[in-house]
Amino acid sequence: MARSLLKRISSIFSKGSAVHAGQSVSAQTETGLRIIPESEHQIQRKYLDDNAMKVVYRIIDGGYDGYLVGGCIRDLLQGEKPKDFDVATSASPEEAHELFRRSRLIGRRFKLLHVRFGRDLIEVATFRASHDSHPKNSDGEHGRQNESGMITRDNVYGTIEEDAARRDFTVNALYYCVKDHSIHDFANGYQDIQDGIIRMIGEPDARYREDPVRMLRAARFAGKLGFQIESATAAPIRELAPLLKDIAAARLFDESLKLLQSGYAEAAYEHLQHYNLFEPLFPQTQKALDGEQGELVETLIMNALRNTDRRLSQRKSVTPAFLFAALLWYPVQQRMQQLIKEQRMPPLPALHEAANQVLSQQVKSTAIPRRFSTPIREIWEMQIRLPRRDGKRAQRLMEQPRFRAAYDLLLLRENSGEDLGGLSRWWTEYQSANEDKRGTMSRESGNGQKPRRRRRKKPNNATRDE
């Protein structure tokens, strides 16, 4: 059946090639596939990634079908430069692996092929099919779902039509054909892009249960593209949001970075809050948002996200360490104050213990690699040290590798309404001052502390000769 469908589509290509070249009217096939010619979609070939095109042509030369697919086509239609170019093929991962020397197979839950060109990486995925469409899958070797419907293994292969039906949203089910530079649209995604709609393919409740991360993807695409989530697609999200707690913490860390470090964090955050998706990612932060300091917490978060978006728009670097330090600052500060009050711990040891506890809880939701958790701790510790700036301390603090990130968090804290007595303004002026001015500022800071009294030497208790 699938082969006959592909033959019919191929015959339409051969008979209608003159139509595609000469007209700007898309064609609708008997199978419901809409073929959109280059003259209509107007994606300029110069914006197509050379390495991705090489992969597709090599696959076709090997006797298989190959297409550019998904987000890269969606972004090109929006006039945006895609971050990545993905390829879909009829070849199995092992068959595709044979075609490329610099490639490797990855993944068990969802097996993929990565083809490397220097620093560039092209991801190649085999057409997927539904798990109940192949009797050979009855043993769960290639595809498996748990009792709640979540897919735990997804390596059931099929046709391009089946692959389109398995994709999450219509705007991601677009396939670019390099043979005639047309777009194959199986789910009306082209029109949804024109209308600015995020629409689930299939029944939303079941698709979210298959993979709860799709809820985060809906929020991410809505924030990134400025689209509306279609009502039926949005309806189950709030109820199903707790399913995210069953997702591996490492995967949720990656998804949180896509949401918050791709240049549209503020918009994505608003969608996360609207659909109750933020709490599964940052439960301690949500608790702080719901507490007495909720307004301060919210303001700090929004300022941190705006700052991240602004830096990315200016093509400046950003690090997850700073963003996580800001998102978790109030949970760690509140725990620190609790330790100081209840256990009478000094501020710095209390901060260290609070950091341990907060990060230990957070990694249960979003795994934080040590290369980020260590800088997070250092940024927090600097918040305690920055007020102590008398003598040579200020200069020594400026020489610390985390000073800039700590100073940025200090600015955000004060700009968000936290009363720090103008501390961020002092550090701003200090950084731009000359050496003499810095010395004067350090001497005058005093920090309201009394001068330390010198300890008197104890008298010698040895007996004297009489």
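In this predicted model, helix α24, spanning residues 435–445, buries Arg-438, Met-441, Ser-442 and Ser-445. These four lie on the same side of α24, because the arc they cover around the axis is only 100 degrees. A familiar rule of helix geometry is helpful here: an α-helix has 3.6 residues a turn, so residues three or four places apart point the same way. The cover over the buried residues of α24 includes α21 (393–398) and α23 (423–432). On the face turned away from the buried side sit the exposed residues Asp-436, Arg-443 and Glu-444. Asp-436 also features at the start of the helix, where its backbone nitrogen has a side-chain oxygen of Asn-434 within 3.3 Å.

Turning to helix α20 (residues 370–385), Gln-383 is worth a look. This residue counts as buried because its relative accessibility is 4%, below the 20% cut-off. Its side chain has two polar partners to inspect: a polar atom lies 3.0 Å from the backbone oxygen of Ala-406, and a polar contact of 2.8 Å joins the side chain to that of Arg-413. Ala-406 and Arg-413 also appear among the residues that Gln-383 touches beyond four places in sequence, together with Trp-329, Leu-409 and Leu-410.

A loop offers another buried site. Ala-241, found between α11 (237–240) and α12 (249–260), is buried with a relative accessible area of 2%. Leaving aside residues up to four places away in sequence, Ala-241 touches Met-215, Tyr-275, Asn-276, Leu-277 and Pro-280. Leu-216 is 25 residues from Ala-241 along the chain, with 9.1 Å between their C-alpha atoms.

Methods:
Residues numbered from 1 in each chain as written. Predicted model: local features only at pLDDT ≥ 70, side-chain atom pairs only at ≥ 80, totals over all residues. Heavy atoms only, no water. Buried < 20%, exposed > 50% of the residue type's maximum accessible area, 1.4 Å probe, protein only. Helix = DSSP H or I, 4+ residues; strand = E, 2+ residues; numbered from the N terminus. Arc of directions from axis to C-beta. Contact = heavy atoms within 4.5 Å. Polar contact = N/O pair within 3.5 Å; in protein donor to acceptor, adjacent residues only side chain to side chain.
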